[in-house]
Amino acid sequence: CEVFSKVFILPLDKSNGMLNTIPANAQLLESIESQPVKLRKLVLNNFKLISQRFWVEFIRSPHRFKYISQFKWNVGQRTGGIQKADSINKSVQSHAVYYTYWCNEWARILTIAKQKGLQGKFVTRMHGYDFDEQQNGRGYFPFRAVELPMWDRVFQVSRYGLNYVMNQYPASKNISVSRLGVNDHGIGIISSDKKKFTLVSCSNFVALKRVSLIVDILKHLNVPYHWLHFGEGEGREKTEKYAQKQLNNSDFEFK
């Protein structure tokens, strides 16, 4: 919002009032909902786009056999994306910058909208689950060979991610590393009137996040602290029991 005169926020699903405050030049739009439509009519009206995507994917993708074995699922993904892409083309302005923070369903919808005439610059970001096939339940990302060249810029959060995608799709020239985080301003001044140092962490409790390592670090601290963690997930109960065993109950709190 500091850089652009107007910013539109378009949630993939209904926001349910979770967005509290936004800058004056930002506007929250309604989520895109797929409308009931006959599959035969949808396919006939978009036959050229669908067939083009399927043939290009079959020729270029390193996962063509998985693509064939899951053909029905892939068809469903395309048709659902087409409906939402049509809604975008009707509801948003062209010649803007379209940015999706995750290379997920929104990324797929935007590339379809671009093929159907939406004008502007298209930018996406990749983190982990949205490019790493080992984290994907199907073992591959359908139509990635088609969609990657359609982005003006693709930002990877790590060098590992960049090399991973380039190894799969060596022809891609629009990918670069843009790490997350903030500038290092050094260690801030800890007020002397505070009796405890406060540590705040936020993440899901999946094994990948390794929240239990925070416990392992804190048990070695010899300064007063209070740890607050925000997050949910199937590993929460196990991690909380581990923290209760290793730390004093008054020293941590799971929100």
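**Asn174 in the loop between helix 7 and strand 6.** Here we look at the stretch that links helix 7 (159–168) to strand 6, where Asn174 is found; helices are DSSP runs of H or I with at least four residues and strands runs of E with at least two, numbered from the N terminus. This is a predicted model, in which local features need pLDDT of at least 70, side-chain atom pairs count only at pLDDT 80 or more, and totals for chains, interfaces and linings use all residues. Residues are numbered from 1 along each chain as its sequence is written, and side-chain values use heavy atoms, leaving out hydrogens and water. With a relative accessible area of 12%, Asn174 is buried (buried is under 20%, exposed over 50%, partly exposed in between, for a 1.4 Å probe and protein chains only). Its side chain reaches the backbone oxygen of Trp151 at 2.6 Å.

**The parallel sheet of strands 3, 4, 5 and 6.** Strand 6 (175–177), which follows the loop of Asn174, belongs to an open sheet of 4 strands in the order 3-4-5-6, with parallel pairing; two strands pair if DSSP finds at least two bridges between them. Strand 3 and strand 6 stand at the edges with a single partner strand each, so one side of each has no neighbour in the sheet. From one strand to the next, the twist averages 25° (axes are lines fitted to C-alpha atoms, with angles from 0 to 180 degrees between N-to-C directions). Strands of a sheet pair through backbone hydrogen bonds, either parallel or antiparallel.

**Strand 4 beside strand 3.** A set of 5 bridges joins strand 3 to strand 4 in the parallel sense. Follow them residue by residue: Tyr98 has Phe122 as its bridge partner in strand 4, while Thr100 stands opposite Thr124. Strand 4 (residues 120–126) is largely enclosed by the rest of the structure, because 5 of its 7 residues are buried.

**The largest pocket and its lining.** This pocket has a volume of about 750 Å³. A total of 24 residues line it, and Phe8, Ile9, Val97, Tyr98 and Tyr99 lie nearest its centre. Strand 3 (96–100) gives the most to the lining, with 5 residues; strand 1 (7–9) and helix 5 (105–115) each supply at least two as well. By class, the lining holds 18 nonpolar, 5 polar and 1 charged residues; Ala, Val, Leu, Ile, Met, Phe, Trp, Tyr, Cys and Pro count as nonpolar, Asp, Glu, Lys and Arg as charged, and the others, Gly among them, as polar. On a 1 Å grid over the protein atoms alone, a pocket is an open set of points with protein on both sides within 12 Å along at least five of seven lines, a cavity is a set where a 1.4 Å probe fits but cannot get out, and lining residues have an atom within 4 Å of a point.

**Helix 5, from its start to the turn after it.** Helix 5 is mostly covered, with 8 of its 11 residues buried. Among the buried ones are Trp106, Arg108, Leu110 and Ile112. At its start, a side-chain oxygen of Asn104 comes to within 3.2 Å of the backbone nitrogen of Trp106. Just after the helix, Gly117 takes a positive phi of about 115°.

**The largest cavity, partly lined by helix 7.** Searching the whole structure turns up 1 cavity of 30 Å³ or more. About 60 Å³ of space lies in the largest cavity, a volume being the space filled by probe spheres set on grid points joined across faces, edges and corners. Its lining includes Met126, Phe131, Tyr164, Val165 and Gln168. Helix 7 gives the most to this lining, with 3 residues, and the classes split into 7 nonpolar, 1 polar and 2 charged.

**The sheet of strands 7, 8 and 9.** A further open sheet has 3 strands in the order 7-8-9, again with parallel pairing. Strand 7 (197–202) and strand 9 (252–254) stand at the edges, each with a single partner strand, so one side of each is left without a neighbour in the sheet. Neighbouring strands are turned by 15° against each other on average, direction ignored. Strand 8 (residues 225–230) joins strand 9 through 3 bridges, with Leu228 opposite Glu253.

**Phe230 and Arg210.** Phe230 lies in strand 8 and is partly exposed at 38% relative accessibility. It is 27 residues from Ser203 in sequence and 6.5 Å from it in space, C-alpha to C-alpha. Arg210, in the loop between strand 7 and helix 8 (212–218), counts as exposed at 56% relative accessibility. Its phi is near 55°, a positive value in a residue other than glycine.

Note on methods. Polar contact = N/O pair within 3.5 Å; in protein donor to acceptor, adjacent residues only side chain to side chain.
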